[in-house]
Amino acid sequence: MGHRTNNPASCKVARAAGFVVEGIQRQKLAYDGVRYDVELHARLATDPEPAPHPPS
């Protein structure tokens, strides 16, 4: 999965779901003529389940 690097909320959700950061795809997305970097996350079927988080 990927998200724009200027979106920390998406990164937090990905990490909470057990996704690990694998790298940055530079200038991957373009919106209104502006290019954005994307942080790439991955999770393998063999990765451990993420720890449960208490409700906030």
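Trainee: What is the order of the strands in the open sheet of three strands?
Mentor: The model is predicted, so local features need pLDDT of at least 70 and side-chain atom pairs count only at pLDDT 80 or more, while totals for chains, interfaces and linings use all residues. Residues are numbered from 1 along each chain as its sequence is written, and side-chain values use heavy atoms, with hydrogens and water left out. The strands (DSSP runs of E, at least two residues, numbered from the N terminus) pair in antiparallel fashion, pairing being defined by at least two DSSP bridges, and their order is β1-β3-β2.

Trainee: By how many degrees are neighbouring strands of this sheet turned against each other on average?
Mentor: The edge strands, β1 (2–4) and β2 (20–31), each pair on one side only. With axes taken as lines fitted to C-alpha atoms, and with direction ignored, the average turn between neighbouring strands is 30°.

Trainee: What angle does the direction of helix α1 make with that of β3?
Mentor: Helix α1 (residues 8–16; a helix is a DSSP run of H or I, at least four residues) packs on the sheet and touches β1, β2 and β3. Taking N-to-C directions on a scale from 0 to 180 degrees, with the helix axis fitted over the stretch in contact, the angle with β3 is about 15°.

Trainee: Over how many bridges do β2 and β3 pair?
Mentor: These two strands form a hairpin with two residues between them, and Asp32 in the turn has a positive phi of about 50°. Whereas three bridges join β1 to β3, the antiparallel pairing of β2 with β3 runs over a number of bridges equal to eight.

Trainee: Is Glu39 buried or exposed?
Mentor: Glu39 has its place in strand β3, where His3 stands opposite Glu39, as does Ile24. Its contacts (heavy atoms within 4.5 Å), not counting residues up to four places away in sequence, include Met1, Cys11 and Val21. Because its relative accessible area is 15%, and the limits are under 20% for buried and over 50% for exposed, with partly exposed in between (1.4 Å probe, protein chains only), Glu39 is buried.

Trainee: With the side chain of which residue does the side chain of His41 make a polar contact of 3.0 Å?
Mentor: His41 lies in strand β3 (residues 34–42) and is buried, with a relative accessible area of 2%. A polar contact (N or O atoms within 3.5 Å, one within protein able to donate a hydrogen and the other to accept it; sequence neighbours count only if both atoms are side-chain atoms) of 3.3 Å joins the side chains of Glu39 and His41. The contact of 3.0 Å links the side chain of His41 to that of His3.
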